[in-house]
Amino acid sequence: MRVIESAEQMEVFSKALRAEGKTIGFVPTMGALHDGHRSLVQAATDQNDHVVVSVFVNPTQFNDSKDLEKYPRTFEADRELLANAGVDVMFYPTVKEIYPNDLVPEYDLDGLDEAMEGPNRPGHFNGVVQVVTRLFDLVLPHRSYFGEKDFQQLAIIRHMTKKLGYDVGIIGCPTVREKDGLAMSSRNVRLDESAREKAPIIFQVLNELKHGIPETGLNKAISNAKEKLAKSGIELEYLEVVDSISLQPAKDDSVGLQGCVAAWLGGVRLIDNLRVK
Ligand code: AMP
């Protein structure tokens, strides 16, 4: 596996593969890799001739500088995991390589950032679209792989890829969980023992919400879910049920509904979601 740090070399490498008629699968990550990332890499290696994985902690998607500072960085372990997974290139650029100047373009996300993560993390999705499009311009992928764990992010990337005219297939991959249901996340290593013990309640509550909706109706199921989280000592940032495509608040005639949660446990922010209808 090659480790490429320069933006220019990344582009040269990808152009050469494209000239040979090879397909490129791309998995963007912020490192501290776990089995969730590994499942994306597996899908990419199954479906493409070559696979590039980027490891880049993107400063423009953090609205909290402490969160950026505390984000885990585990280069050696990441390199080993990617080499063992059959990846061709680990793209590991510096901030200067990705952003040679400080300009941050403003994207119109067509309302997809109005709910959930959007109001709670101002500028976050703008930064996500900025980095993903910059990476697409360098890696030139045919397909790119994203986790359903970050449900709103996946919806925004699908929409913006089309809107900005990128010919890249966006593939959503199911959330990989610990045995007790906790969604795998790079942030989980920061949970202390007591927070880690409580964390699976988030997924339990999402499942109860799913079963509760046909039994008690949407509003009661949501208030029951919020009550259970409050009793467990988990500090809820939001629990919302939205239309799975438009991300607008659930309506009775919505075909698919997604229950989405962001919560704080011992100073760590966790998110999770589940298809509830
Ligand atoms: P991150 O490194 O957290 O930015 O995540 C990189 C990619 O991995 C994103 O597309 C995430 O949605 C995806 N991902 C993170 N955790 C999981 C998980 N537990 N299961 C599936 N995909 C995940």
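The largest cavity in this predicted model has a volume of about 860 Å³. A search of the whole structure turns up three cavities of 30 Å³ or more, and the largest cavity is a good place to begin the tour. Its lining is made up of 50 residues, and those nearest its centre are Met30, His37, Lys149, Asp150 and Gln153. If you colour the secondary structure, you can follow which elements build this wall: β2, α2, α7 (124-139), β5, α8 (151-163), β8 (257-265) and β9 (268-275) each give two or more residues to the lining. Among these, α7 provides the largest share, with six residues. Sorted by class, the lining holds 25 nonpolar, 17 polar and eight charged residues.

What fills this space? The ligand does: the space it takes is the largest cavity. Let us now step in from the cavity wall to the shell around the ligand itself. There are 17 residues around the ligand, and Met30, Gly147, Asp150, Val176 and Met184 come nearest. Met30 and Asp150 are names you have already met, as they are also among the residues nearest the centre of the largest cavity. The shell divides into eight nonpolar, seven polar and two charged residues. Three elements, β2 (24-29), α2 (35-47) and β5 (143-147), each supply at least two residues of this shell. Here α2 gives the most, with three residues, while for the lining of the whole cavity the largest share comes from α7.

Next, zoom in on the polar atoms of the ligand. One oxygen atom of the ligand lies 2.9 Å from an N or O atom in the side chain of His37, a residue also listed among those nearest the cavity centre. The backbone takes part as well: a polar backbone atom of Gly147 is 2.9 Å from an oxygen atom of the ligand. On the nitrogen side, a nitrogen atom of the ligand is 2.8 Å from a backbone N or O atom of Val176. How much of the ligand does the protein bury? Taken alone, the ligand exposes 490 Å², and the protein buries 92% of that.

Finally, turn to the largest pocket, which has a volume of about 280 Å³. To find the pocket, select Leu112, Glu148, Phe151, Leu154, Ala155, Arg158, His159, Lys162, Ser244, Ile245 and Ser246, the residues that line it. By class, this lining has five nonpolar, three polar and three charged residues.

Note on methods. Residues numbered from 1 in each chain as written. Predicted model: local features only at pLDDT ≥ 70, side-chain atom pairs only at ≥ 80, totals over all residues. Heavy atoms only, no water. Near = heavy atom within 4 Å. Polar contact = N/O pair within 3.5 Å; in protein donor to acceptor, adjacent residues only side chain to side chain. Areas by Shrake-Rupley, 256 points an atom, 1.4 Å probe, with all protein chains shown as cover. 1 Å grid on protein atoms, 1.4 Å probe; cavity = no way out; pocket = protein on both sides within 12 Å on 5 of 7 lines; lining within 4 Å. Sits in = over half its atoms within 2 Å of the grid points. Helix = DSSP H or I, 4+ residues; strand = E, 2+ residues; numbered from the N terminus. Nonpolar A, V, L, I, M, F, W, Y, C, P; charged D, E, K, R; others polar. Points joined across faces, edges and corners; volume = space filled by probe spheres on them.
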